[in-house]
Amino acid sequence: MIKINLSNSQRTKIENLHYEVIYHSLGKLKSINSIIETTFKKKYTLKDLLIGDNKILSSILQDYCKLSSRKKYNFLIHFKTYFISQYEKKLAVTPKNKNSYKYREEKYNAYVLCQTLNINVCPYCNKNYTLTISDIENDIFTRPTLDHFLDKATYPFFALSLYNLIPSCHICNSHIKKSKEFKFNTHLNPYFDDFNEIKKFTTDKKLLSLINKNDDFTLVFKNKKNVLPIDETKANNNIKDLGLDTLYNSHKDKVLELVDLSRAYNEDSLQSIVDTFQETKIFKDSNDLKRLLLCHHVEDPLCQDSCPKLMI
Ligand SMILES: [Zn+2]
């Protein structure tokens, strides 16, 4: 799993766009804001629901759970059909669809959202590419699916919440996570949590014992130092519920290739190659060469290649 790292300007841009466009498309249904305010005694607004961060969404969920069954029913009824149909008919559509959200000159849908987020590999598995392509002229469209971190069937009021929409691959969304219960206090959310700060890959056998291309080993996740117990629990839940250990153990061939490469190119031999080509300036340093050999950015935790975490 990788974190969706947004710059401040990216975050501001997408939050403003998401809120402004959806809010101004509500028309008479802007009254939904007063339903939220009445239900939660003016503690939250529609804006909180649409672009609130993990703390705000968690707080809304907690307060919702405390409502009486009747109040829950009355609250849900307003969102069940409306928010989910807005999501399906206006947000999760192709750029050619005339129903896409529009506000002034701005058109907004899942493609605009995914293009702005610029996530090229699935944050859940960090394995499958999730490119966004919108070629209207040639009628070629593809984008990540948007997983509802908090299941939209159970919590329809979060169906349009920006930070509940995780751009992810079809396999993670529809075949692995499905409608499993994920919450901010039980699982890591890629917008706010960094799996890479909590866990790292290791093997149950010493790497040097793998030189005979024997795949009789298991890739395991190991805690990094000074990890809080709550973060460890969340990371373990992600591993279990997203099947990460099973997914990554299907890539033992890559691990064996890396072992071979690391034996063939230790720091000394890398430096020697860099020195040999010093005048040509093909490689800036040994890390540059390492990047070329491993076909990815070895020291860039935000790398959007497939499986980079396996190689770090
Ligand atoms: Zn995935």
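**Entry 1: helix 1 against helix 7**

In what follows, a helix axis is a line fitted to C-alpha atoms over the stretch in contact, and the angle between two axes runs from 0 to 180 degrees between their N-to-C directions. I note at the outset that the structure is a predicted model.

With that convention in hand, I looked up helix 1 (residues 8-25) and helix 7 (residues 110-117), and I find that they pack at an angle of about 170 degrees, with their axes 10 Å apart. Angles over 145 degrees count as roughly antiparallel, so helix 1 is roughly antiparallel to helix 7. On the helix 1 side the contact is made by Gln10, Lys13 and Ile14, and on the helix 7 side by Leu113, Thr116 and Leu117. Sorting these residues by class, I get three nonpolar, two polar and one charged.

**Entry 2: surroundings of helix 7**

I then asked how many residues of helix 7 are buried. The helix is mostly covered, since I find six of its eight residues buried, and these are Ala110, Tyr111, Val112, Leu113, Cys114 and Leu117. Leu113 and Leu117 had already appeared in the contact with helix 1. The buried residues of helix 7 pack not just against helix 1 but also against helix 6, strand 2 (106-108), strand 3, strand 5 (145-148) and strand 6.

**Entry 3: the largest nonpolar core**

Next I went through the largest nonpolar core, which has 54 residues, and noted that Leu49, Leu50, Cys125, Leu160 and Leu244 touch the most other members. Among the elements that each supply at least two residues of this core are helix 1, helix 3 (46-51), helix 4 (54-66) and helix 6 (82-91), and strand 6 (165-168), helix 9 (229-241) and helix 10 (244-249) belong to that list as well. Which element gives the largest share? It is helix 7, with six residues.

I also looked up where this core sits with respect to the domains; domain 1 (8-177) and domain 2 (195-311) both give residues to the core, so the core lies between them. The C-alpha centres of the two domains are 34 Å apart.

For Leu244, I left aside neighbours within four places in sequence and found contacts with Met1, Cys125, Asn238 and Ile239; Cys125 is, like Leu244, one of the core residues that touch the most other members.

**Entry 4: the loop after helix 7**

I followed the chain into the loop between helix 7 and strand 3 (133-135), where Asn118 is found. Just after helix 7, Asn118 takes a positive phi of about 55 degrees, and I note that this is a residue other than glycine. Asn118 has 13 C-beta neighbours inside 10 Å and therefore counts as partly exposed. Its C-alpha atom is 31 Å from that of Asn226, which is 108 residues away along the chain.

Tyr124 has its place in the loop between helix 7 and strand 3 too. Is Tyr124 buried or exposed? A residue is buried if 20 or more other C-beta atoms lie within 10 Å of its own, and Tyr124, with 30 such neighbours, therefore counts as buried. Not counting residues up to four places away in sequence, I find Tyr124 touching Met1, Ser168, Cys172, Lys177 and Leu242. Tyr124 and Pro167 are 43 residues apart in sequence, whereas their C-alpha atoms are 9.0 Å apart in space.

**Entry 5: another positive phi**

I also looked at Lys42, whose phi is near 65 degrees, again a positive value in a residue other than glycine. Lys42 is placed in the loop between helix 2 (32-39) and helix 3, and it is exposed, because 10 other C-beta atoms lie within 10 Å of its own.

**Entry 6: the chain as a whole**

Finally, I recorded some totals for the protein chain. It has 14 helices and eight strands, and its C-alpha trace spans about 70 × 45 × 30 Å along its principal axes. Of its 312 residues, 29% are buried. Taking the contacts with a separation of 6 or more, I find that residues 24 or more positions apart account for 63% of them.

Note on methods. Residues numbered from 1 in each chain as written. Predicted model: local features only at pLDDT ≥ 70, side-chain atom pairs only at ≥ 80, totals over all residues. Helix = DSSP H or I, 4+ residues; strand = E, 2+ residues; numbered from the N terminus. Parallel < 35°, antiparallel > 145°, perpendicular 65-115°, else oblique. Contact = placed C-beta atoms within 7 Å. Nonpolar A, V, L, I, M, F, W, Y, C, P; charged D, E, K, R; others polar. Core = buried A, V, L, I, M, F, W, Y, C linked by C-beta atoms within 7 Å. Buried ≥ 20, exposed ≤ 12 C-beta atoms within 10 Å, placed from the backbone. Domains from an automatic or database assignment.
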